[in-house]
Amino acid sequence: MLFYILRRVISAISVVIVTVVVSFMLFFVAPTDPAGVICGPRCTPERLNDITKSLNLDQPPVEQIVLYFKGIVVGRDYTSGGVTRHCDAPCLGYSYVLGVPVTDLLAKAVPVTLSIVIGGATIYLCFGVLIGTIAARVRGTTLDRVAVGSSLVIGSIPYFVVALIIALYATFLPKSQYVPFFSNPVSWAAGLLAAWLCLGLTNSASYTRYSRASMIEALGQDFTRTARSKGISERRVVYRHGLRAAMTPVITIFGVDVAYQLVNTIFTERIFQLPGLGLRILNAFNQYDLPVLMGGVIVGATVLVVMNLVVDILYTVLDPRVRLG
Amino acid sequence: MTDQTVRAPQTVTRTPRTRSEGEEAYLEVNDLHVQFPTADGRVQAVQGLSYSLPLRRTLAIVGESGSGKSVSSMAILGLHDRKSTWISGSIKVGGKEVVGMSEKDLMSYRGADAAMIFQDPQSSLHPFFTIGDQIMESYRAHHNVSKRAAKARAVDMLGRVGIPNPSRRVEQYPHEFSGGMRQRAMIAMALVNDPKLLIADEPTTALDVTVQAQILDLIADLQRDFGSAVVFITHDLGVVAEIADDILVMYGGSAVEHGPVEKILGTPLHPYTWGLLESIPAVSGTPGALHPIPGSPPSLLAMPSGCAFHPRCEYRDRVGGDLCATLKPELIPRTADLGRTSRCHLKEPDKVFETEVLTRLP
């Protein structure tokens, strides 16, 4: 098990490294003019020179990549407007547009996105599984049809439409804002409530359908009949035996969904004005802020790889038949 | 012991007890009907099944797939979904009426008075819980004891069903058990509450032949120790000879022949039972000597008129007046022996068997 995790961590790191190299080449080595792009429309020759020197754009590509990685591992210096600033490890580059190290910028954005996704995911997992399980138990009845029907309707509305409706009409909700959890947990939750509801509500539709299908399958299994023949309550048959078996596939989808949302909450962040990772990357994209985009790619790749690893390890806990090695 | 029983693939290891008069029935099934309403009509899975079984006796229910043997046994535990099943008649277990029993009473009845061993232990055990956990759950459903006491009971039961090193095995998951060991664990789970009625639904079908014999012996031994009544569902007449005291042959949802094992296997009186016997391949027999029953089991949606077996019966022409196609025979004694019944219009079926069928048997 330990050996397996070690092996997976090594392969995860190499995936991230490959991603970094490929995107670095696309952004900086391809026949484009990165220094000119970063410098922007009102560019002075001195500033252009600064950028070229700082980013080592005058050096061969291999040298550039090595220096970039060196920055991630030990940190490096950047010169801007005649002032040299040190960028601590892990240094993901320097945003000339905003005048701050990329790492600082992203470090501020990640907790915001993490807060949105964790809250939203909790809502849609709990709500979706609950409704799905109930629908499976009463399948064929009106209640089941209402649950499946409304989940289809909610699932068919584009996400940003739901988000806009909540942002515009649910004015009774607390004002959307980001307050760090550790400075005030109550304001943190209140400020994120609208975003959580939006993310939670829309995604719970698909989780209702996953859990319902998975639960119906589990309740039709032979072991469910065995459980019933023991003389335990129907509640115990459904929630201990059925749900336990039904949740394994749902958790797998959940892991992938959370990973995806951690790098893709752009709509939520944009509409609810929360300065998260997605919004940061969107802004960088609009401002041709290559170093920030580059940092976003690295963080995104890392999140996906880590979440995949977490799901695989979680799987061994959920299903004793799966043994890693 | 007649020579017909010895012909079965497995040798008979014990002499069936003769039924002493006045033994009180523990299980009493009376005019049981089980139907499943479907879009195509009502599936008549069981039609007027009646039998009784005292403690310490084993009844084998034999028949092809779809003959209603499993469905009727599931009804004994009340395992059919009420919403999609229509059940009438009476099932009395230890004096309790199971048909129409409340959900609450069913809970305290299932597992405690009657328990079931299922066909495929691989799919019938929950893959995510340990063997010990599943046995403990059964025990604690009916006994208000601590986890520690329940675990000790689980270890004890695993030992009794012949699982080596039970205190270690109790912590393992079903996938860590072999097929035979899994079925032993399943038996331990069924017997953990000392049920007086044990229903074994083809418990050896999914197992190796060598393991089969061990499991049959185990069930017979445990029945002696626990003094329970056993309903043994199977389609293997070799198994029947080995384990049963009585046989009930089912066809198309009804019993067609019922009586003590040595009589039914010695001189069967129903053409369907003859067909079953003729379908057993003899290990030392001439290849190609098999004489299978023509046709296939009837659709439970559209049962044949009269005797359900008549479209496949070779002997229907010997009954006058097209009686087989028009009148369903009663399940009554057909010979001087009143201890056995069959459902067939044929006159003197014992003579027909001895002069015609017996010679064809390998």
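In this predicted model, A:Leu277 is a buried residue because 29 C-beta neighbours lie inside 10 Å, where 20 or more are required for that class. A:Leu277 belongs to helix α12 of chain A, which covers residues 277–286. Leaving aside residues up to four places away in sequence, A:Leu277 is in contact with A:Leu106, A:Ala109, A:Val110, A:Thr113, A:Val263, A:Gly296 and A:Val299. A separation of 34 residues in sequence lies between A:Leu277 and A:Leu243, and their C-alpha atoms are 35 Å apart in space.

A second position in chain A, A:Val97, was examined in the same terms. A:Val97 is located in the loop that connects β3 (94–95) with β4 (100–101) of chain A. Because A:Val97 has 17 C-beta neighbours inside 10 Å, this residue is classed as partly exposed. The contacts of A:Val97, again without residues up to four places away in sequence, are A:Gly40, A:Gln287 and A:Asp289. From A:Val97 to A:Lys70 the C-alpha to C-alpha distance is 23 Å, with the two positions 27 residues apart in sequence numbering.

Chain A as a whole comprises 13 helices and 4 strands. Of its 325 residues, 37% are buried. Along the principal axes, the C-alpha atoms of chain A occupy a box of roughly 80 × 50 × 40 Å. When contacts in chain A between residues at least 6 apart in sequence are considered, 66% of them link residues at least 24 apart.

The packing of two helices can be described by the angle between their axes and by the distance between those axes. For helix α5 (residues 102–137) and helix α8 (residues 185–219) of chain A, the angle is about 35° and the axes are 4 Å apart. The crossing of α5(A) with α8(A) is right-handed. The residues in the contact of α5(A) with α8(A) divide into 19 nonpolar, 11 polar and 2 charged.

In chain B, an open sheet is formed by 7 strands in the order β6-β7-β8-β3-β9-β10-β11, with mixed pairing. The edge positions are taken by β6 and β11 (341–342) of chain B, each of which has a single partner strand, so one side of each lacks a neighbour in the sheet. The partner of β6(B) described here is strand β7 (residues 197–201) of chain B, and the two pair in the parallel sense over 4 bridges. In this pairing, B:Ile117 has B:Ala200 of β7(B) as its bridge partner.

Strand β9(B) is mostly covered, with 6 of its 6 residues buried. B:Asp246, B:Leu248 and B:Met250 point one way from β9(B), while B:Ile247, B:Val249 and B:Tyr251 point the other way, and all are buried. On the side of β3(B), β9(B) runs parallel to its partner and is joined to it by 4 bridges; B:Leu59 has B:Asp246 of β9(B) as its bridge partner. The pairing of β9(B) with β10(B) is antiparallel and contains 6 bridges, and the bridge partner of B:Val249 in β10(B) is B:Glu257. β9(B) and β10(B) constitute a hairpin with 2 residues between the strands. In the turn of this hairpin, B:Gly252 has a positive phi of about 55°. Helix α12 (residues 271–278) of chain B lies across β3 (58–62), β9 (246–251) and β10 (254–260) of chain B, and its direction is at about 100° to that of β9(B).

The domain assignment of chain B places domain 1 at 128–193 and domain 2 at 268–360. The C-alpha centres of domain 1 and domain 2 of chain B are separated by 44 Å.

Between the two chains, 25 residues of chain B contact 18 residues of chain A. On the side of chain B that touches chain A, at least two residues each are supplied by α3 (103–109), β6 (114–117), α4 (121–124) and α5 (131–142) of chain B. This side of chain B is made up of 13 nonpolar, 8 polar and 4 charged residues. Strand β6 of chain B thus has two roles in this description, as it supplies residues to the side that touches chain A and stands at an edge of the sheet.

Technical notes
Residues are numbered from 1 along each chain as its sequence is written. Chains are lettered from A and ligands numbered from 1 in the order in which they are written. This is a predicted model: local features need pLDDT of at least 70, side-chain atom pairs count only at pLDDT 80 or more; totals for chains, interfaces and linings use all residues. Two residues are in contact if their C-beta atoms, placed from the backbone, lie within 7 Å. Ala, Val, Leu, Ile, Met, Phe, Trp, Tyr, Cys and Pro count as nonpolar, Asp, Glu, Lys and Arg as charged, and the others, Gly among them, as polar. A residue is buried if 20 or more other C-beta atoms lie within 10 Å of its own, exposed if 12 or fewer, and partly exposed in between; C-beta atoms are placed from the backbone. Domain bounds come from an automatic or database domain assignment. Two strands pair if DSSP finds at least two bridges between them. Axes are lines fitted to C-alpha atoms, for helices over the stretch in contact, and angles run from 0 to 180 degrees between N-to-C directions. A crossing is left-handed if the near helix is turned anticlockwise from the far one by less than a right angle, and right-handed if clockwise.
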